[in-house]
Amino acid sequence: MIGRAQEIAEAIKNESEILIVGHADADGITATGILASALNREGINYEVKIIKQLDEAALSEIRERDYPLTAFVDLGSGLIDELDFNRVVMDHHSPGGFAL
């Protein structure tokens, strides 16, 4: 956990643009809004993409965008091993499939 928090801090320090990918449901949109609001307050450049599911088409598009850091909000825990780029996954589900 600390390592990922440090990556976010480093991206902010380096003024890197962050891609926020949020799940298109009530908690995903809410959490995405909270993260975007915090980044906005700190003057951090970001883009938001809301998706219904993290499938191969979505992953392909995310890889093409090639952001220094991608933050997955309320999704991504089931595919964490397949996310082969710099990412942070913020989800209340664990990779084992149960809710935290």
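This report describes the salt bridges of a predicted model.

Local features are reported at pLDDT of at least 70 and side-chain atom pairs only at pLDDT 80 or more, while totals for chains, interfaces and linings use all residues. Residues are numbered from 1 along each chain as its sequence is written, and side-chain values use heavy atoms, with hydrogens and water left out.

A salt bridge is here a side-chain nitrogen of Lys or Arg within 4 Å of a carboxyl oxygen of Asp or Glu. By this rule there are four salt bridges. The table lists some of them, including the N to O distance.

| Salt bridge | N to O distance |
|---|---|
| Glu 47 and Arg 65 | 2.5 Å |
| Glu 61 and Arg 65 | 2.7 Å |
| Glu 56 and Arg 63 | 3.3 Å |

Glu 47 and Arg 65 form a salt bridge. This pair connects distant parts of the chain, for Glu 47 lies in strand β2 (residues 46-51) and Arg 65 in helix α3 (residues 56-65), 18 residues apart. Helices (H or I, at least four residues) and strands (E, at least two) are DSSP runs, numbered from the N terminus.

Arg 65 also pairs with Glu 61. These two residues are four apart in helix α3 and therefore separated by about one helical turn. A network of salt bridges links Glu 47, Lys 49, Glu 61 and Arg 65.

Relative accessible area is classed as buried (under 20%), exposed (over 50%) or partly exposed (in between), using a 1.4 Å probe and protein chains only. Glu 47 is partly exposed at 28%, as is Arg 65 at 29%. Glu 61, at 28%, is partly exposed, and Arg 63 is partly exposed at 31%.
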